[in-house]
Amino acid sequence: MFEKIYDYSVNEIKRGYAEDEEGFVCLCCQQRFSKDEIYLLDNHFYKANKAVIVHLKQAHSDYFDLLLEHMSHGCTERQIEILKAMKQGYKDNEIARLTGVAAATIRHQRFILKEKARQAKSYLAVAESVFEPDENDPYVKIHEGARIG
């Protein structure tokens, strides 16, 4: 299902679809929505940009859960359970009651999860600068064997 997911940006992965010149594509099933077409979904007509969102909600309402289950993220089963509860809007005390742990444990896990997110952002910035160099970098890269004159 997620064969090509790593080809997309973080924002595209987060929202579940990507846009190109021709239209939009669902990241779950690769269904395309052309910008030149109008789509009939549940007796309503939608432009492609809205149709892909409606499609995601109807066909992949569990997209967040699918991401957690199928993506490499380094979270424990407990952290996944807590993330799902947070996504559903539960407060720390409610999550503690649901999971059978102290509210302080949930607060600590929230801190750990936010720290993981910060570290992932930092690593992503470093990795992109190494593997996808910026063409607009004002500094010219000079290799070791370069000579003047």
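Trainee: Okay, so buried means under 20% relative accessible area, exposed means over 50%, and partly exposed is in between. Where does that put Arg-118, buried or exposed?

Mentor: Arg-118 is exposed, because its relative accessible area is 55%. Keep in mind that this is a predicted model.

Trainee: Does Arg-118 have a partner? Which residue forms a salt bridge with it?

Mentor: That's Glu-115, and the closest N and O atoms of the two are 3.8 Å apart. Both sit in helix 6, three residues apart, so about one helical turn separates them. Glu-115 counts as partly exposed, because its relative accessibility is 23%.

Trainee: How many salt bridges are there in total?

Mentor: The count comes to six. Another one joins the side chains of Arg-78 and Glu-81, at 3.8 Å from N to O. These two are three residues apart in helix 4, so about one helical turn lies between them as well. Arg-78 is partly exposed at 35% relative accessibility, and Glu-81 is partly exposed too, with a relative accessible area of 39%.

Trainee: What about Lys-84, which residue does it pair with?

Mentor: Lys-84 forms a salt bridge with Glu-69, with 3.9 Å between the closest N and O atoms. This pair links distant parts of the chain, since Lys-84 is in helix 4 and Glu-69 in helix 3, 15 residues apart. Lys-84 is partly exposed with a relative accessible area of 24%, whereas Glu-69 counts as exposed at 53%.

Trainee: Switching to confidence. What's the mean pLDDT of the chain?

Mentor: The mean is 88, and 90% of the residues reach 70 or more.

Trainee: And which elements have the lowest and highest mean pLDDT?

Mentor: Helix 3, residues 63-70, has the lowest mean among the elements, at 84. Strand 3, residues 32-34, has the highest, at 97. Helix 3 is also where Glu-69 sits.

Trainee: Now cysteines. How many disulfides does the count come to?

Mentor: Zero.

Trainee: Why don't Cys-26 and Cys-29 make a bond?

Mentor: Their sulfurs are too far from each other. The closest cysteine sulfur to that of Cys-26 is the one in Cys-29, at 3.7 Å, and a disulfide needs the two sulfur atoms within 2.5 Å. Seen from Cys-29, the closest cysteine sulfur is likewise the one in Cys-26.

Trainee: Is Cys-26 buried or exposed?

Mentor: Cys-26 is buried, because its relative accessibility is 0%. Cys-29 counts as partly exposed, at 37%.

Trainee: Last topic, pockets. What volume does the largest one have?

Mentor: About 1900 Å³. The elements that give two or more residues to its lining are helix 1 (10-15), helix 2 (48-59), helix 3, helix 4 (77-87) and helix 6 (103-131).

Trainee: Which helix gives the most to that lining?

Mentor: Helix 6, with 13 residues. Helix 6 also holds the Glu-115 and Arg-118 pair we started with.

Trainee: How many residues line the pocket, and which lie nearest its centre?

Mentor: There are 38 lining residues, and those nearest the centre are Val-10, Ile-13, Lys-14, His-73 and Ala-120.

Trainee: What's the lining like by class?

Mentor: It has 22 nonpolar residues, 10 charged and six polar.

Methods: Residues numbered from 1 in each chain as written. Predicted model: local features only at pLDDT ≥ 70, side-chain atom pairs only at ≥ 80, totals over all residues. Heavy atoms only, no water. pLDDT = per-residue confidence, 0-100. Helix = DSSP H or I, 4+ residues; strand = E, 2+ residues; numbered from the N terminus. 1 Å grid on protein atoms, 1.4 Å probe; cavity = no way out; pocket = protein on both sides within 12 Å on 5 of 7 lines; lining within 4 Å. Points joined across faces, edges and corners; volume = space filled by probe spheres on them. Nonpolar A, V, L, I, M, F, W, Y, C, P; charged D, E, K, R; others polar. Buried < 20%, exposed > 50% of the residue type's maximum accessible area, 1.4 Å probe, protein only. Salt bridge = Lys/Arg side-chain N within 4 Å of Asp/Glu carboxyl O.
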